[in-house]
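Dear colleague,

I am passing on a structure that I would like you to look at before we discuss it. The model is shown just below, and my notes on it follow.

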Amino acid sequence: MRTVVLVLCLGLLALPVQADEFTEAVAKLGLSKEELVEIGKLVYHAEGKNTCLYCHGEGGHGGNQAGAADLRHPKTWRAYQALGGDEAFKANKEEFLSKMETALHYLIRYGAVVFNTRWEKRLKDMGIHYDWSKVTVPDKADKYNNMMKGITTGPMKKQLDEVEKLLEKKGKKVKDVRDIATVAALEYVKTLDDGSDKGGVFKSDP
Ligand code: HEC
């Protein structure tokens, strides 16, 4: 009996980190990593105001929105710091990145207002706990700046129609293009990591 319990426990430990709903939706499409980054690049470069590009700038910096994160430097992001920063990252990279990416998916998909009011708490129930006291970015608020709108603005929605058309051309039928765009946008943002001492979170990924 004891052996059975032990084997079951070891089995649970060996399970890969649970993928979130967005990652699962993407997995069903069978896109290559390159295709996903390409789609993310398209999402990011939506035209108009209040888009990723408008707020964050080309290459992830120098955009028009005050306080917008520098996307070359993931170690300066709230998600990285609130989830335990360098210490947690080094202790278990795979688990840390999975949690960080899940949190960022919800932030990008729903924007900061909804993240602050709803998802932070739900993520905690999922074992993804933001400790805001660990955040050292200049504005130490215990929530996200409401100006982080992710894919929720009008110009972003227009671009998502383009993404849906592109996927249709590839013969990929999607249930909700927003789920795909969310994951793709983050995959593109990950390529902007400049590997400096403020980056190096995604850069070393194989
Ligand atoms: C209207 C402006 C605006 C738009 C549109 C916007 N962002 Fe942001 N973004 C911000 C601001 C402001 C922050 C800083 C939030 C904070 O520090 O509380 C931010 C932060 C982030 C962060 C860091 C999160 C963290 O944990 O600190 C990432 C990653 C990000 N944005 C990606 C994106 C992507 C990808 C898009 C497009 C799909 C996007 N943003 C669209 C303004 C914007």
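Helices here are DSSP runs of at least four residues, numbered from the N terminus, and with that numbering A68 is found in the loop between helix 4 and helix 5. Please keep in mind while reading that this is a predicted model.

To stay with that loop residue for a moment, is A68 buried, exposed or partly exposed? A residue counts as buried if 20 or more other C-beta atoms lie within 10 Å of its own and as exposed if 12 or fewer do; A68 has 19 such atoms within 10 Å and is therefore partly exposed. Leaving aside residues up to four places away in sequence, A68 touches C55, H56 and G63. Between A68 and C52 there are 9.7 Å in space, C-alpha to C-alpha, with the two residues 16 apart in sequence.

C52 also appears in the surroundings of the ligand, where 27 residues are found and the closest are C52, C55, W77, A79 and N145. The elements that contribute two or more residues to this shell are helix 4 (52-56), helix 5 (78-82), helix 7 (93-125) and helix 9 (177-190). Sorted by class, the shell around the ligand holds 17 nonpolar, 8 polar and 2 charged residues.

I then turned to helix packing, which is described by the angle between the axes of two packed helices and the distance between those axes. Helix 8 (residues 154-169) packs against helix 9 at an angle of about 95°, and their axes are 10 Å apart; because angles of 65 to 115 degrees count as roughly perpendicular, that is how helix 8 stands to helix 9. On the side of helix 8 the contact is made by L160, V163, E164 and L167, and on the side of helix 9 by V177, R178, I180 and A181. These contact residues of helix 8 and helix 9 comprise 6 nonpolar and 2 charged ones, with no polar residue.

Helix 8 also packs with helix 3 (residues 33-44), here at an angle of about 155° and with the axes 9 Å apart. Since angles over 145 degrees count as roughly antiparallel, helix 3 is roughly antiparallel to helix 8, and the crossing of helix 3 and helix 8 is right-handed. Helix 3 brings I39, L42 and V43 to this contact, while helix 8 brings Q159, E162, V163 and L166. By class, the residues in the contact of helix 3 with helix 8 are 5 nonpolar, 1 polar and 1 charged.

With best regards

Conventions
Residues are numbered from 1 along each chain as its sequence is written. This is a predicted model: local features need pLDDT of at least 70, side-chain atom pairs count only at pLDDT 80 or more; totals for chains, interfaces and linings use all residues. A residue is near a molecule or strand if its C-beta atom, placed from the backbone, lies within 6 Å of it. Ala, Val, Leu, Ile, Met, Phe, Trp, Tyr, Cys and Pro count as nonpolar, Asp, Glu, Lys and Arg as charged, and the others, Gly among them, as polar. Axes are lines fitted to C-alpha atoms, for helices over the stretch in contact, and angles run from 0 to 180 degrees between N-to-C directions. Angles under 35 degrees count as roughly parallel, over 145 as roughly antiparallel, 65 to 115 as roughly perpendicular and the rest as oblique. Two residues are in contact if their C-beta atoms, placed from the backbone, lie within 7 Å. A crossing is left-handed if the near helix is turned anticlockwise from the far one by less than a right angle, and right-handed if clockwise.
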